[in-house]
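Please examine the sequence and the model shown below. The report that follows treats one sheet region and one pocket.

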Amino acid sequence: MNEAQRIAALEAELAALRGDMQAFTHTVSHDLRAPLRHIVSYAQLVQEDAGPLLNAEVQGFLATMTDSARHMGRMLDGLGALSQLGTATVTLAQVPLNELVDEVVAELARQHPERVIEWRIAPDLPSVQADVALLRQVLQQVLGNAVKFTAPAAAAAVDIKAIESDRVGFAQMLVQDNGVGYNPAQQAALFQVFGRLHTTKQFEGIGMGLVLCRKALARMGASVDTQGSLNGGCTATLQLPLA
């Protein structure tokens, strides 16, 4: 077997492994839903029918069981989304970042009418080569994180700008917030499946957002990274191919 044949065989093996992993993830996320629905449904029936007969401690046990089952359902949704990203059709086109960012910011404002956030968006964001649906999902996650983690700030602010990339044909889009940030020593957990740096009591979520972002961007030849400090905010850097 020559070098070209060996490389082709390795690529075929890698493609098969990816397909198997996607099929496994889809099966797990799909087949676990029925028993999970039963757990939630029957727990609710017990709460409705026997609730007045139960003491406060037992009612608390049932509430915890129901909440945990629902949280697991959201985790399965995350696994399903991750599986779908691997097979989603990618259609690259020219996407003006300013227009897309404005749309996502307006959508977040409608979702969080109680929040007052100063959005400082540079007017000269470039046009990039991307799948508009996938890039919209990425921006919804990244900008949504900025909204979420600036909630404790006295005056929440988010800066969005673009800088020149050291990669030819690419631009870097920076999303900087003044939120709670995170301990840099825990950086590796950010891009792990279900990796969380804050408890669910502090901030809602399942720890899949940035994992999904990284995979979606990889499908478009792009990438994402983050930098943060504890109580010093966070910067997400998207490296995107220019149109």
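Which residue stands opposite Thr226 in strand 7? The partner of Thr226 is Ala236. The model is predicted, with local features requiring pLDDT of at least 70 and side-chain atom pairs pLDDT 80 or more, whereas totals for chains, interfaces and linings use all residues. Residues are numbered from 1 along each chain as its sequence is written, and side-chain values use heavy atoms, without hydrogens and water.

**Strand 7 and its partners**

Helices (H or I, at least four residues) and strands (E, at least two) are DSSP runs, numbered from the N terminus; two strands pair if DSSP finds at least two bridges between them.

| Strand pair | Sense | Bridges | Opposed residues |
|---|---|---|---|
| Strand 5 and strand 7 | antiparallel | 8 bridges | Gln172 and Gln239 |
| Strand 6 and strand 7 | antiparallel | 6 bridges | Thr226 and Ala236 |

The hairpin of strand 6 and strand 7 has 5 residues between the strands, and Asn231 takes a positive phi near 60 degrees there. In strand 7, 7 of the 8 residues are buried (under 20% relative accessible area), so strand 7 is largely enclosed by the rest of the structure.

**The largest pocket**

The largest pocket has a volume of about 1300 Å³. Its lining comprises 45 residues, with Gln141, Asn145, Lys148, Glu204 and Gly205 nearest the centre. Elements giving two or more residues to this lining include strand 5 (170–177) and strand 7 (234–241). The largest share, 10 residues, comes from helix 5.

A pocket here is an open set of points on a 1 Å grid over the protein atoms alone, where a 1.4 Å probe fits, with protein on both sides within 12 Å along at least five of seven lines; lining residues have an atom within 4 Å of a point.

Technical notes:
Grid points are joined across faces, edges and corners, and a volume is the space filled by probe spheres set on the points. Buried means under 20% relative accessible area, exposed over 50%, partly exposed in between (1.4 Å probe, protein chains only).
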